[in-house]
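Colleague: I have a few questions about this fold. Can you take me through it, starting with the helix packing?

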Amino acid sequence: MRYVLLKRLMFLTKSFVLKPVGYVEGYLSTSDLDLQGDIIVTEAIENMAKQIKLCPLKRVIYLEHDITKPVGRILKYKVHRKGSWSGLWAKVAIFQEEIYRKIENGELTGFSIAGRVLKYERRNV
């Protein structure tokens, strides 16, 4: 199992030697109600930013959460706040022409985060 992990890390490193074919900016996550009916609280958004800062592998952007398909890398990120609203904004370098074309054509329209829920509360909104 360790060999597979090392191989995967080597693949990720090689992927980012390439010159970016384009850049995209947007929010990775916000405190708005999302399409699944979830709200990510500001504390969790700030924790995401901290993880990105501390772990370079967290800066890798994968296609559809598939860790065998790295397509980009977070270059810049910042937590934005306005009143009770917050969002994690990022500038991402895209390394695959096909993926960048799909972004430009509107086939790929947003980011999707993956994570482990540590605490949740159900409310009627």
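Colleague: At about what angle does α2 run to β3?

Modeller: This is a predicted model. In it, α2 lies across β1, β3 and β4. Its direction relative to β3 is about 135°.

Colleague: What is the strand order in the open sheet?

Modeller: The sheet has four strands, with antiparallel pairing. β1 and β2 (60–62) are the edge strands, and each pairs on one side only. From one strand to the next, the twist averages 40°. The order is β1-β4-β3-β2.

Colleague: Which residue in β4 is the bridge partner of Y23?

Modeller: β1 and β4 run antiparallel, joined by eight bridges. Within β4, the partner of Y23 is A93.

Colleague: Which charged residue has its end over the ring of Y23?

Modeller: A charge counts as over a ring if NZ of Lys or CZ of Arg is within 6 Å of the ring centre and within 35 degrees of the normal. Here the charged end is 4.9 Å from the centre of the Y23 ring. The residue is K91.

Colleague: How are the rings of Y27 and W85 arranged, stacked or edge-to-face?

Modeller: The count of aromatic pairs comes to one. Y27 and W85 form it, with 5.4 Å centre to centre and 85° between the planes. Y27 is in strand β1 and W85 in strand β4 (residues 85–94), 58 residues apart. Planes over 60 degrees apart count as edge-to-face, so the 85° pair of Y27 and W85 is edge-to-face.

Colleague: Is Y27 buried or partly exposed?

Modeller: Buried requires under 20% relative accessible area. Y27 has 35%, and its partner W85, at 25%, is partly exposed. Y27 is therefore partly exposed.

Colleague: Is S31 buried or exposed?

Modeller: S31 lies in the loop between β1 (22–30) and α2 (42–54). Leaving aside neighbours within four places in sequence, its contacts are I39, I40, I45, S84, W85 and S86. Its relative accessible area is 16%. The cut-off is under 20%, so S31 is buried.

Colleague: Which residues touch the most other members of the largest nonpolar core?

Modeller: That core has 16 residues. Elements giving two or more residues to the core are β1, α2, β3 (70–82), β4 and α3 (97–104). One of the residues asked for, V92, touches residues including I61, I74 and F111. The full answer is L28, I74, L88, V92 and I94.

How values were computed: Residues are numbered from 1 along each chain as its sequence is written. This is a predicted model: local features need pLDDT of at least 70, side-chain atom pairs count only at pLDDT 80 or more; totals for chains, interfaces and linings use all residues. Side-chain values use heavy atoms; hydrogens and water are left out. Buried means under 20% relative accessible area, exposed over 50%, partly exposed in between (1.4 Å probe, protein chains only). Contact means heavy atoms within 4.5 Å. Rings of Phe, Tyr and Trp (its six-membered ring) pair if their centres lie within 6.5 Å; planes under 30 degrees apart count as stacked, over 60 as edge-to-face and the rest as tilted. A nonpolar core is a set of buried Ala, Val, Leu, Ile, Met, Phe, Trp, Tyr and Cys residues joined through side-chain atoms within 4.5 Å. Two strands pair if DSSP finds at least two bridges between them. Axes are lines fitted to C-alpha atoms, for helices over the stretch in contact, and angles run from 0 to 180 degrees between N-to-C directions.
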